[in-house]
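Student: I would like to go through this model step by step. Can we start with the ligand site and then turn to the sheet?

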Amino acid sequence: MKITSIWNPKGGQGKSLLSINIAAAAVELGLTPVVICQDPQGTSMLYYEGGNLPFIVLPEPPKKRINADLILFDHQASELEIPDANLLVMPTMPARDQYATWANAYERAKKAKGKKIIKVVTNCNYSRKEEAEIAQTLKQTGAFEVRASGVFSKAANDYYSIFHPKMNRAYKVRERRQEINAILAAILQED
Ligand SMILES: Nc1ncnc2c1ncn2[C@@H]1O[C@H](COP(=O)(O)OP(=O)(O)OP(=O)(O)O)[C@@H](O)[C@H]1O
Ligand SMILES: [Mg+2]
């Protein structure tokens with residue numbers, strides 16, 4: 001069983017978006033993922049209550065061992081402490097004011113013992129020069145990317161992941177699914 005924390009103390013950086021969609025990608029591979037929503041009123045819990053996810057979301061860590069291949073902790077904003085999990089997925093949007101908090105958290109996590117960190121640039125708008133530069137720099141140092149795309153808000157309208165069959169004809173959904181699949185592959189590759 002793999003345990004991964006999706007973490008960035010800065011709010012609104014794509015933690016919940018990644019948690020839901022990486023879990024949905026895992027289902028496509030025949031795995032059983034579970035998302036743990038660290039904020040009971042949080043986004044991934046809302047998605048789950050929408051009834052259209054092919055996996056479960058729990059409002060807190062289970063007391064007993066559960067049957068899952070992959071556990072994804074969807075952390076809440078303002079959680080400054082580095083999560084316990086050895087594998088961290090750290091998303092950030094590339095706008096300078098947003099990125100600063102991420103960079104600080106990333107440096108701290110890098111110094112912590114035994115952590116593997118998967119960096120992800122989310123929601124980059126390449127027509128903004130400054131964002132494009134930050135995204136480019138991050139990608140050069142191995143960050144994954146989930147580009148800014150309308151498929152996420154379209155899916156969010158019905159609390160779907162972008163892997164829901166009803167999203168199959170959405171504009172550029174295949175590209176976005178590939179980006180999410182690449183992050184999942186990186187998670188599964190870690191031991
Ligand atoms: N690549 C993207 N394309 C389009 N929208 C995106 C992208 N990444 C993130 N967003 C949007 O940004 C908003 C914030 O994302 P999300 O809720 O996943 O962030 P979060 O880090 O979980 O926030 P919080 O800290 O409040 O829990 C959402 O509306 C989400 O759909
Ligand atoms: Mg969230």
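Student: How do the residues of the shell around ligand 1 divide into nonpolar, polar and charged?

Tutor: Keep in mind that this is a predicted model. In the shell around ligand 1, two residues are charged. Another six are nonpolar, and the polar ones number eight.

Student: How many residues surround ligand 1, and which are the closest?

Tutor: The shell holds 16 residues. The closest are Gly12, Gln13, Lys15, Ser16 and Leu17.

Student: Which element gives the largest share of the shell around ligand 1?

Tutor: Helix H1 covers residues 15–28. Lys15, Ser16 and Leu17 are among the closest residues to ligand 1. The largest share is three residues, and it comes from H1.

Student: Which residue has a backbone N or O atom 2.8 Å from an oxygen atom of ligand 1?

Tutor: Gln13 has a backbone N or O atom at 2.9 Å from a ligand 1 oxygen. For Gly14, a polar backbone atom is also 2.9 Å from an oxygen of ligand 1. The 2.8 Å distance belongs to Ser16.

Student: What share of ligand 1 does the protein bury?

Tutor: Alone, ligand 1 exposes 640 Å². Of that area, the protein buries 73%.

Student: What is the strand order of the open sheet?

Tutor: The sheet has seven strands, and their pairing is parallel. Its edge strands, E3 (56–58) and E7 (144–146), each pair on one side only. From one strand to the next, the twist averages 25 degrees. The order is E3-E2-E4-E1-E5-E6-E7.

Student: Which residue in E4 stands opposite Lys2?

Tutor: Strand E1 spans residues 2–6 and E4 spans residues 70–74. The two run parallel, joined by five bridges. Opposite Lys2 stands Leu70.

Student: At about what angle does H1 run to E4?

Tutor: H1 lies across several strands, including E1, E2 (33–37) and E4. Its angle to E4 is about 165 degrees.

Key. Residues are numbered from 1 along each chain as its sequence is written. Chains are lettered from A and ligands numbered from 1 in the order in which they are written. This is a predicted model: local features need pLDDT of at least 70, side-chain atom pairs count only at pLDDT 80 or more; totals for chains, interfaces and linings use all residues. Side-chain values use heavy atoms; hydrogens and water are left out. Two strands pair if DSSP finds at least two bridges between them. Helices (H or I, at least four residues) and strands (E, at least two) are DSSP runs, numbered from the N terminus. Axes are lines fitted to C-alpha atoms, for helices over the stretch in contact, and angles run from 0 to 180 degrees between N-to-C directions. Contact means heavy atoms within 4.5 Å. A residue is near a molecule or strand if one of its heavy atoms lies within 4 Å of it. A polar contact is a pair of N or O atoms within 3.5 Å; within protein, one must be able to donate a hydrogen and the other to accept it, and residues adjacent in sequence count only if both atoms are side-chain atoms. Accessible areas come from the Shrake-Rupley method with a 1.4 Å probe; for residues, only the protein chains shown count as cover. Ala, Val, Leu, Ile, Met, Phe, Trp, Tyr, Cys and Pro count as nonpolar, Asp, Glu, Lys and Arg as charged, and the others, Gly among them, as polar.
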